[in-house]
Amino acid sequence: MNKVVIDGNNLTIEDFVNVARKGYKVELSKKAIENVEKSRNTVDKFVDEEKVVYGITTGFGMFSNVVISKDETKMLQKNLIVSHSCGVGKALDEEIIRGVMLLRANALSKGFSGIRLSTLNTLIEMLNKKVHPIIPEKGSLGASGDLAPLSHMVLVMLGEGEAYYKGEIIEGRKAMELAGIPTVELTSKEGLALINGTQVMTSIGTLVLYDSINLSKMADIASSLTIEALNGIVTAYDEKVHKVRPHSGQINTAKNLLQLLKGSNMTTTQGEIRVQDAYSLRCIPQIHGASKDAIEYVKEKVGIEINSATDNPLIFSEMEEVISGGNFHGQPMALSFDFLGIALAELANVSERRIERLVNPALSDLPAFLVEKGGLNSGFMIVQYSAASLVSENKVLAHPASVDSIPSSANQEDHVSMGTIAARKARTILDNTRKVIAMEILTACQAIDLRGNSGLGIGSNIVYNIVRENTSKIIDDIIMYKEINKCEELIKSNIILDKIEEKLGELN
């Protein structure tokens with residue numbers, strides 16, 4: 001059965017993608033239910049005793065010194081959600097919203113947040129019945145977590161706001177009614193428990209991470225075609241070279257290239273045609289490998305974050321203790337997603353340089369702009385322009401969001417992470433990079449046809465055949481964006497990667 005059981009500790013990135021993209025159902029473990037109920041009992045005890053505890057019997061942010069009476073705790077939580085629903089801009093994609101809901105439910109299921117089990121079950125039921133709250137993409141500082149966007153998620157739980165339901169955007173209350181889910185009246189601590197965390201930035205970033213792992217492999221695959229089109233020297237990928245500088249990404253990339261190019265009649269060895277290649281070919285293991293190592297770092301950090309309690313205050317039931325801390329601060333994710341964006345931008349940078357080597361007759365012995373009737377036809381001239389534009393845009397986007405901070409809440413919250421901006425930027429860089437790599441694949445296949453395909457490597461032959469099943473060699477100028485889009489779709493669908501890994505085993 002397509003189901004993921006959550007307990008706050010064991011969610012994997014694969015589980016996350018299965019729920020966010022593939023619609024898997026979510027269920028609480030028995031242990032999670034016990035932990036949630038214990039945590040709630042502690043909150044109820046503090047409320048009954050009228051203890052002064054941040055966010056339970058006090059206001060929020062600068063208002064943490066304002067004590068709220070027992071009778072006002074429900075209004076406090078509703079006011080929190082209503083006042084914090086300040087998100088603006090386009091709505092996040094439904095897969096991101098599903099990821100947000102899953103991550104929030106998983107964090108709450110750890111049993112440190114003091115939410116009622118019934119309220120948590122409402123969120124899970126919405127996820128399972130595909131009531132997806134409209135969450136605007138902008139408005140989060142990344143500390144105290146994703147307050148504004150998560151408030152939009154909670155609005156629908158209250159019967160407010162708007163939601164996607166069965167392909168339509170409708171009022172939140174109507175969506176809940178149609179799905180047969182009762183709305184919630186929040187009580188002490190619950191509003192804060194639902195919105196104080198990093199789940200929006202982490203949902204966006206985890207999907208980018210997942211796609212980045214595959215795209216880094218596709219960068220190797222695209223470059224293998226370019227190597228053959230330019231009679232590249234494979235001696236530089238010899239494992240002896242990389243073992244003496246043993247960065248794992250570098251070693252794995254060199255290994256991938258040799259696997260993909262095995263049996264090729266179009267590659268050369270050192271001294272056969274020339275002594276060495278330009279960096280964009282010779283240094284592929286070092287360049288791609290560094291990006292892969294960065295991606296691995298982000299993967300480690302995301303694995304921690306998706307199983308963390310990120311709200312405030314935290315309830316430690318065993319000690320009957322409430323501690324106000326800062327786990328909502330998005331800095332670990334902000335730095336990670338900035339790093340991820342930079343790593344992806346570099347894959348595009350070097351891919352564009354290889355496109356230039358393919359189309360520029362001064363850098364190869366191929367026809368100018370890869371067209372036989374140059375002048376009458378422009379061929380691949382503007383493909384390189386477009387790639388250069390995307391690469392330049394990536395350079396702007398790669399500026400770290402995490403180095404910025406604007407104090408908020410009257411300087412009570414005087415350093416914030418901007419982690420959600422970092423995640424959103426990484427997503428745009430991913431999209432741009434995928435397009436550049438699609439352009440390289442299309443360009444390299446054209447170059448191979450013009451040089452004369454004398455026999456490609458085991459892996460590169462697979463990708464060449466798939467591309468040629470969907471596009472043809474270009475003789476006279478045609479509308480190029482359509483061909484680029486076809487290649488991009490082949491990357492997004494994972495058809496190329498799946499076929500190659502089916503033949504060669506998993507690439508690294």
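The following exchange concerns helix packing, strand pairing and buried residues in a predicted model.

Colleague: Why are helices α9 and α11 called oblique to each other?

Modeller: The axes of α9 (residues 199–229) and α11 (residues 248–261) cross at roughly 55 degrees and come within 10 Å. Angles under 35 degrees count as roughly parallel, and 65 to 115 as roughly perpendicular. The value of roughly 55 degrees belongs to neither range, so α9 is oblique to α11. The crossing itself is right-handed.

Colleague: Which residues make the contact of α9 with α11?

Modeller: From α9 come D220, I221, S223, S224, I227 and E228, and from α11 come T253, N256, L257, L260 and L261. Divided by class, this contact has five nonpolar, four polar and two charged residues.

Colleague: What makes α1 and α4 oblique?

Modeller: The axes of α1 (residues 13–20) and α4 (residues 94–108) cross at roughly 125 degrees and come within 8 Å. Roughly perpendicular covers 65 to 115 degrees, and roughly antiparallel requires over 145. The value of roughly 125 degrees fits neither term, and the two helices are therefore oblique. Their crossing is right-handed.

Colleague: Which residues of α1 and α4 make the contact?

Modeller: F16, V19 and A20 of α1 meet E95, R98, G99, L102 and L103 of α4. By class, the residues of this contact are five nonpolar, one polar and two charged.

Colleague: How do you know whether T206 is buried or exposed?

Modeller: T206, in helix α9, has a relative accessibility of 0%. Buried means under 20%, so T206 counts as buried. Beyond residues up to four places away in sequence, T206 touches I13, F16, V302, I306 and F337.

Colleague: Is I448 buried or exposed, and what makes it so?

Modeller: The relative accessible area of I448 is 0%. Since the cut-off for buried is under 20%, I448 is buried. I448 lies in helix α16 (residues 419–451). Neighbours within four places in sequence left aside, I448 is in contact with L225, A229, M266, N453, L456 and Y464. The C-alpha atoms of I448 and Y464 are 9.1 Å apart, with their positions 16 residues apart in sequence.

Colleague: N377 is in a loop; is N377 buried or exposed?

Modeller: The loop in question runs between α14 (331–359) and α15 (381–397). N377 has a relative accessible area of 8%. That value satisfies the limit of under 20%, so N377 is buried. Not counting residues up to four places away in sequence, N377 touches V371, I475, D476 and D477. N377 and I475 are 98 residues apart in sequence, and their C-alpha atoms are 8.8 Å apart.

Colleague: What makes β4 and β7 edge strands?

Modeller: β4 (132–133) and β7 (168–171) each pair on one side only. They belong to an open sheet of three strands in the order β4-β6-β7, with antiparallel pairing.

Colleague: How do you know that β4 and β6 pair?

Modeller: Strands pair when at least two bridges are found between them. Two bridges join β4 to β6 (residues 162–165), so the requirement is met, and these strands run antiparallel. H132 stands opposite Y164 in β6.

Colleague: In what sense do β1 and β2 pair, and over how many bridges?

Modeller: β1 (residues 3–6) and β2 (residues 25–28) pair in the parallel sense over four bridges. V26 in β2 is the bridge partner of V4. In β1, V4 and I6 form the covered face, whereas K3 and V5 form the uncovered one.

Terms used: Residues numbered from 1 in each chain as written. Predicted model: local features only at pLDDT ≥ 70, side-chain atom pairs only at ≥ 80, totals over all residues. Heavy atoms only, no water. Axes fitted to C-alpha atoms, helices over the stretch in contact; angles between N-to-C directions. Left-handed = near helix turned anticlockwise from the far one by under 90°. Contact = heavy atoms within 4.5 Å. Nonpolar A, V, L, I, M, F, W, Y, C, P; charged D, E, K, R; others polar. Buried < 20%, exposed > 50% of the residue type's maximum accessible area, 1.4 Å probe, protein only.
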